[in-house]
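Colleague: I should like to understand how the descriptive terms for this model are justified. Please set each value against its definition.

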Amino acid sequence: MKRSMEQLEVNLKRTGSSAKAHRMGHKRTGSIELLEVFGVVNEKGSQNRLPPVHDPLTYDYVLVANNLGDSDNETFRKRADFVNALKEKKLKIFKMAGDAGDDKVFYGIKADNTIFEKYRKLLKLSDACNWSYEQGNVPLSTRIRIVNYILNNTYISDPREYLQDLIKKNVFEAEFCLHENEERKALIKSWARWTACFQGQPITNVRNYFGEKVALYYLWLGWYTFLLIPAAILGIIVFLYGVAFYQSSPLIKEVCESNIVMCPLCDKTCKVWPLSDTCTYAKMNLLFDNEGTVAFAMFMAVWATVFLEFWKRHRAAYVCEWKVFDWSEEVEELILEIVNNPECEPKQYKHSYLRSVLVMVFVTLMLVLIIGLAHALVVFRVIAAVQLTNSSWVYLSEHASIAALMMGAVLHYFTITIMTRVNRLVAIKLCDIERVRTLAGRESSFTVKMFTFQFFTLFSSLIYTAFFLGRINGHPGAYVRIEGKWRLEECHPGGCLTDLFIQMAIIMILKQSINNVFEFSGPWFSRWFKRRKLQRQKRKCTNCIIKEKQESKPGIEFCENCKLQDVQRNYQLNKVDSFSLFNEFLEMVIQFSFTTIFVAAFPLAPFLALLNNIIEIRLDAIKMVSLERRLVPEKTNNIGVWTGVLEAVGVFAVIANGLVIGISSDFIPRLVYGYYYGPCYNSTAPDINCMAGYINNTLSIVQVNDTRVIHDFLPNQLTIRKGDVEWNVTHCSYKDYRSSEDYSLTPQFWLILATRLAFVILFEHVVVISMFIAAWFVPSSSLQVKNIRLEERLKRLKEEFTCETNCNGFVDC
């Protein structure tokens, strides 16, 4: 028996050595090497691809509570009961108190190695086809995740009270895991600093420290930022194309030299105005509304697909290297439940049609509220334009329309800020109603609801501006009014696309700049104030510094004094929760939506997003490493439901850009005029300008003394000043295709409408086909990844078979 056991140990060591040699000699996949060439990642400093395996110098986890002197207190009793419940699960609890005057008590928690041994064995049983790196000793990141699960699934009393319930009742104040000083310093040096803005990210080191979930977020963000470079360059080229040719455009010359008098834009105070006043705005509109915009919108739709398909490919390469390709959230949770409680019962799948109906009703009501706020912003702009027209400041009065639009955009930004908090609370409550079985399912459900609410909050006003503004306001003799008092606003004098451009520019610039300022300055000042509150600085033991550098050696620990100091330093950092990473993802996916959905109206959006993301990556890294407590390392092999959200955004971007070009832009009317109504239709002269007379063709004329419109305009609105002379007008023009006799729509309107619809259908079909071709051309997983997985499965099966044979030959397994 002794000989058989020795032989078995030799075989197992040999198997482990071969697996280790295989991992050390394993070549990185082509996808990872490509990312290194592009500078997206930098894995040169991460030769050890496996997380460090060692015991923590202090504790696996820490609980914080207020120091209570009264032992008969109900809070004190619940705290003691919870600590005893943890001890029953083989968790070692070390109580620490601060200096005199410190009202906090810290409970250092360290798990017994038998807990991790149980986890390792269960993982091996479930992981039949993928050799996990946790088959050997459990790394520190996994220790933290296991202890965190046990803490949050331990309960006391009846009805059950879990840790989060006790925190809400102030039995405990906080829970957190500790930063590792040496690893954190290495991350600061290679990643979490401003001077590393243009360096690749050490994704493997990030994964070893923060877990796969955080690492995949930064990998996704890095790839997204890199692929914004070609989009930003092309957007700038489209913008410069407009800059280069707008001066020579006959349309600009026609507007700037026009003698046409336009009808008042509002009731009572607005006067008739010369079309030539919009010369500057016409130039601005042509910067974004030109032939290059169409090609750029098509490019961005295909770009979104290429970005997602290559992302799936890069993700597959990394999760294959990290040995989590076949990892399952459900199996992982079952293993953790057994580790926490061997007598546990599986959580049953349940579904309630009543709950589903309630959720659908509340979601619908929430969307109605959000869309109602967008309508309120429309009403605000209408009333603001009227009030600003009466302003004593002449410049503001003359530019009341643009001022009202900008005020509406700023108010929209503040509405977004407020509704973000409301949307989160509602989404959480709806998830509580659903009672989703697993944490992963709850997270996915919350993500879909929160993104839906945020999407409508951000884009409702933009959708109105893009597709409804100036199209439902009526015409002279039949203006549409709110409550019969205020006329609905018209498009900006420079064109409908100008309104959309101004709103997007204001929202993107405000949202990105202000969010980044508060996102960084808030945690920084919070940490600074906490440090200022310390009564005195403590010196660190020299011996502990030496031990810290040798922490990979078993049995090394800090002294008690330094353990307390380490806990207090981590406690001073800003707290994190389950929303910390979600907030970062939501912010970037919303930006992705801005970058793709209305890019036809704002070609500079990818460029602004690129500038923001270069800062965003380092800002988030500095915040996570230096300003916040350590996130609990979570294991995963994808970015979850966010992939589906990004794909949905890509589809909506095709529809929205097709509608913007076909409906909002003047691209189709110019095309129809040039080939059917313009001077080139009946002439073959080579030097003729096909767009001559286009501006006049887009305008309809109304006689101001017509009985059908006489009530729309007051006498004081029908005067115009030319130099020192003021004279009354007998007719004015407005932008529409209507007959001057009966105000009916002309045949040209119906031809343009049919062409618009045909273009939208053609555009979307061409782009969708291009997207399918791009998705087919870029497989989600490379052949190299498939071959590596095949080899590892074969190797694992051989090793398992060899081990089983040896066991049956020597001992009873």
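**Charges, rings and exposure**

Modeller: Arginine 424 lies over the face of phenylalanine 579, at 4.7 Å from the ring centre. A charge sits over a ring if NZ of Lys or CZ of Arg is within 6 Å of the ring centre and within 35 degrees of the ring normal. The model is predicted: local features need pLDDT of at least 70, side-chain atom pairs count only at pLDDT 80 or more, and totals for chains, interfaces and linings use all residues. Residues are numbered from 1 along each chain as its sequence is written, and side-chain values use heavy atoms, without hydrogens and water.

Colleague: Why is the pair of tyrosine 59 and phenylalanine 94 called stacked, tilted or edge-to-face?

Modeller: The search of the whole structure yields 43 aromatic pairs. For tyrosine 59 and phenylalanine 94, the ring centres are 5.6 Å apart and the planes meet at 40°, so the pair is tilted. Rings of Phe, Tyr and Trp (its six-membered ring) pair if their centres lie within 6.5 Å; planes under 30 degrees apart are stacked, over 60 edge-to-face, and the rest tilted.

Colleague: What makes tyrosine 59 buried or exposed?

Modeller: Its relative accessible area is 3%, hence tyrosine 59 is buried; buried means under 20%, exposed over 50%, and partly exposed in between (1.4 Å probe, protein chains only). Phenylalanine 94, at 33%, is partly exposed.

Colleague: How is valine 357 classed, and why?

Modeller: Valine 357 has 47% relative accessibility and therefore counts as partly exposed.
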